[in-house]
Every structure is written in structure tokens, then in C-alpha cells.
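Got your viewer open? Load the model and keep the selection box handy.

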Amino acid sequence: MRFLLSGRLLLPGALLLLLVLPSVVGPAPASAQPPPALDSVRARLARPNLPDTLRVRYLAELSAQLSISDLPAARRTAVQALALAQRAAYGRGVVSAYNVLAAIDYYASDYPAAQREFGAALAAARRARMPSQIANAWLGLGNVAQALNDVPRALDYFEQARRAYASVPDRAAAISGQLLVLNNSANAWLLVGQPAKAGRAFRRALALADPSPASPHARLVVSLLGNLAGLQDAAGHLDSARANLANGLALARATHDLTGEAAIQLEMAENALLLGQPAPARTYATRALALARQTGALPDAEQGLSVLAAALHTLHRPEAYDTLRAYLALHDTIMAQDRTNAIIEAQTRLDVAGQQARIRALEQERRIADLETESRALQTRWIVGWLAALAVLVAVGLTWRYRQRQARLEATLRARLAADLHDDVGSLLTQLTIQSGLLRENSYTPEQQRARLDGLADTSRRAALQLIDVVWSLDAANDSFGHLIERLREHAHDVLGSAEIGVGFRVDNELEAARFAPDVRQHIYLIFKEALHNIVKHAHATRVDIGLALDGRFLELHVHDNGPHPPTTPHRPAGRGLTGMHARAQAIGGTMAIGAEADGFGVRLRVPR
């Protein structure tokens, strides 16, 4: 089984970079061409006035190219690309730079750094909604976990990567990613002694792959077929293994894959020996040995000599002894190399143990930070909860106070309306009742009856006007002082004109747009009416001058008549009279001045604005 547990199915470094670079440079071609040459990328970076997005792209390409020969320089370049992408708020560039940086640290065996950077790439790719880069980050995390011998976590990451690749819109890229993930998953299952699950992973990969020679997955299909055949040989399914090996051999030859063909020939030789067919095994092993020598693959050459020696021995051929000696000599050479590699591997294991300890420490710090964050969030939720409860209580209190205030205002309005109707309209209706009763109960001459009817009509008219005035004062459409001025002017001409008294009306222009509360407007209007009523009844005037002006923060209403004597009656029926005028002025915070003036008599009302 040439591929099993050899590690060759894990994602190669160069291929990992080719997967992460498309987030900046665009989709990778199906043949996965390598990045541009160093000189070409450096020439592009040297162009003047290069936009930041292009500079990030070229820095990522340069980092990928440098990773082949100079990891420290590659890392510095990737860090520069990341800083520029973050400064320019270039989301795709941030994702690519993190992935490139993580891949470089992975090659350098700095697994904690690689794990941290793949995690950052995953978060950035999610924010940028880049399915392919999300999958690449999961795949990178799986490779890091497997390098740290954390196979269960690696398998979990690989499954996340497979699902993410399945959602990539580009069908070719989605299949390529899933094939790599399934290969790596199969190797991980073999590491934990689960060949059946590894076989299922190989079969799932073969079901996805395009087995034609022109397919970009052709060489990978050769590896898949060889791996699956090795598992089938181990399970005793020799005929199925042979069929897969025949398909793999045909595909390797069609694609000129010498390494893959050598591995398939060795698997076929081992399969033939298991079937008791030493002659075909000898042929396959000889071909595999020739290909291994041609490609310089010492492990394949060693395995080819071993299988060839076994086949010659079974055939009772004398050259079996020389072949075995050649095998042993090559084996000693490889063993010497293996001992050196074992020392390096032991050092690597120690380093991995240290890196695992670092990762555990980092994870512990992260858990502590998460607990602190959760504690702060809980405290914040308590504070927000108390503030919300307090806000609800305040809102309930304010609502209650508002409703109480509205209730008081409504009660005040009703009381005022009832008083106005009682004082101004009620008395007139009482007069109507009395006058109509007198007409019905007494006998009058025609002249007396006509006079009584005229009085009754006059009282009815005044009652209607009073009712209209009360309704007008409560109408919200009349809130502006301009409407009050029009009402005052109209009433003055109606009342004084009927009495053949001349009228002069003077108003400050600023008052047109002023606004007063309904009760203020109503009291001003009623005081004005009472003043005119007294003039008509008592003053014997021929002219009345009316003025409305602003005096600082006070409104002043001045009614002046040229009558020979002032009104002297202190009280009028139904609340009208000088006392009523003073009471209305006090109700709205104003003052009244009533008395003789030059050339007549005046009523002066001052109301605060």
C-alpha cells in the first residue's frame, strides 16, 4: 500500500497557497498554475501610483512565490500585505493575507501562529461572505490539528471544510476542494486505525472526481485508486482491488504521471502475489523498479526490490538472491536516512508538544477572557434590566401625571364652559322665558305687544350671538391671535355701527401671528364686548378708538370713547359690569385700568404674553 500513511495526501504547501490566493487575484485556473515569477511580481509592485488593492494583491503573490525558497522574507511580505489591507479596509485582501500568512507559518511548523491566523482568516471570510475562503480556512485549521496529532479535531475541521467547499458557487473549485479534504480525512482515519471509514472517504472522493485524462483531478484520481486498492487488498477484496489498479494504471499512463504509475505498478505486484500469481507480480515489480529509478524515488525502489525478490523466490529463480542483496543494501541506506529523520522527527515531536502546550495556554487565556466578557455582559444585562424597569416606572408615572393633568384641564374647561353658558347665555334665555310668559299671560295694546315682541327678538338675537361667541372661543382653529383680531374688529363694527358710533381700529402687525391659550382669548374677547356694551348703553359717544399693541412682554388692549361722561353703574345683570371685567383680567394674570382720560373715557387691559 504505497500511499497509505505516507502523508502524501495531506494538502501540499504550494497547493495551499494556490487555494488562498484567488481571494485577491481571482479564481485559480483548473490546472492550478503556479504564481508569477519573482521578477515579474516585483516589477508590478514598483509601478508608480499603484492602488492599495492592487498592491495587496501583488504582495500576496510575492509572498507565495518567496515561500518556496525564503520563508522569513515570505512572512514579512505577508505581514505587509495584511497591514495594508487592514488600513485600506479591503476585506478580500485581509482574508487572503491572513490565509497566506497562516500557510507560511504552517510550513515553518509554527502551528500556534498558523492556528491563530487561520482562525482570523475564517472570521474575516465570514464577514466578507466568501465561501471558498471560509472553506480554505477550515482546511488549514484541519491540517494544523493533524500536524499536532489532534486527529479528532482535525476530522471535525475537515468536515467543516468539506461542507463549506460544497457551497462554493464555482463547481470546479468546489470539487477540487472537496477532493483534497476527503483525501486528508482518509489519512486521518487511517492514523486512528479506521480503514473502513478511510475507504468510504476514498470512494466519496472518486465519486466526485472527473476520471478523464484531461481532468485537473487526473493525478489525484490515480492516488485515490491506489489508496482504495491498498485498503481492498488488506481487507481481502483482491478482485475489486485489481479492477481499481487497472483503471489507475491506464490513467497514470495517459497523463504521463511516472510517480503515480510506479506506485500503481507496485500495488499491482503486491496484489498479484496475494492472488498467487508470481509471474505477473515479477513483471509489475520490474516496471515499478525502473520507474522508481527514473524518478529517483528511493522508497519506491526499495519496495520494488522487495516485491521483486519475493516474486523471484516464489518462481524459484536464482536471481532472487542477488535481488534480495540489492534490496538489503538499499534498505540499509534508507534506514540510515530514516535514523537521521527519526532524530529530526523526535525533535519535531518535542517542538509539537511545546506548541500544543502553547496552544492550550492560549485557549485557557481565551476561555478566561470569554468568562470575563460573559461576566461583564451579565452585569450589563442586570444594569440594563434595572434601567429598563426604572424607565417603565418613570413612563408609567409620567403617563399618570399626564392623564391627571388632562383630567384637570378637561374639568377646568367644562367648568369654564358651564360658567360662560350660565352667565352669558343662561341669563338671556331666562329673559326670553320671562318675556314670552308675560306676552302669553297679559293683554297689551297692539303697540305694546309690538314693543314686547321687538324686545323678545332682540334678546333672542343676543342669546344666539353669545352662544356663537362661546363656541368660537373653544375652536382650536382659532388659536392664532389674528383670528381674535378679526373677531374683535367684526364685533366692534356690528355693535358700534348699529348705534351710529364711529370706529377706529389700530393693531400692531406682530400680533397677527401671536398665539394665546383659549381661555386668554376668551377673556380678552368678553372684556372687549363688555366695554363696547357699556359705551353703547351709557357713554353717549360719537367715536370709539380701539388699539391692540405689544408693550414689552405685555399685550395691551385700549378702548377709548369720546362720550361726555363715563359709565357709573358698578354692576350689570348676569355678571356683566366693571366688577366682572376686573375678575376676568385677574383670571388670566392681567390688570385693568378703567377711568377718565383726555377727551373721554378709557378701558385699558394689560395681559402677560
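Here is a short walk along one helix, then through some salt bridges.

Before you click, note that this is a predicted model: local features need pLDDT of at least 70, side-chain atom pairs count only at pLDDT 80 or more, and totals for chains, interfaces and linings use all residues. Residues are numbered from 1 along each chain as its sequence is written, and side-chain values use heavy atoms, with hydrogens and water left out.

**Stop 1: helix 6**

Select residues 91-107, which make up helix 6. Helices (H or I, at least four residues) and strands (E, at least two) are DSSP runs here, numbered from the N terminus. With the expected span taken as 1.5 Å times one less than the number of residues, this 17-residue helix should cover 24 Å, and its end C-alpha atoms sit 25 Å apart, which agrees. Now turn on the surroundings: helix 6 is largely enclosed by the rest of the structure, because 14 of its 17 residues are buried. Buried means under 20% relative accessible area, exposed over 50%, and partly exposed in between (1.4 Å probe, protein chains only). Step just past the helix to Ser109, where phi turns positive, at about 65 degrees.

**Stop 2: a pair within helix 9**

Next, select Glu159 and Arg163. Their side chains form a salt bridge at 3.1 Å, N to O; the term asks for a side-chain nitrogen of Lys or Arg within 4 Å of a carboxyl oxygen of Asp or Glu. The structure holds 13 salt bridges. Both residues belong to helix 9 (residues 151-166), four residues apart, or about one turn. An α-helix has 3.6 residues a turn, so residues three or four places apart point the same way. Glu159 is partly exposed at 26% relative accessibility, while Arg163 counts as exposed at 53%.

**Stop 3: across strands 3 and 5**

Which side chain meets Glu556 at 2.7 Å, N to O? Select Arg604: that is its salt-bridge partner. Glu556 is in strand 3 (residues 554-561) and Arg604 in strand 5 (residues 600-608), so the pair ties together parts 48 residues apart in sequence. Glu556 is buried at 16% relative accessibility, and Arg604 is partly exposed at 28%.

Keep Glu556 selected and add Arg606. These two also make a salt bridge, with the closest N and O atoms 3.2 Å apart. Here too distant parts of the chain are linked, Arg606 in strand 5 with Glu556 in strand 3, 50 residues apart. Arg606 is partly exposed, at 24% relative accessibility.

To finish, add Asp551 and Glu597 to the selection: salt bridges that share partners join them with Glu556, Arg604 and Arg606 into one network.
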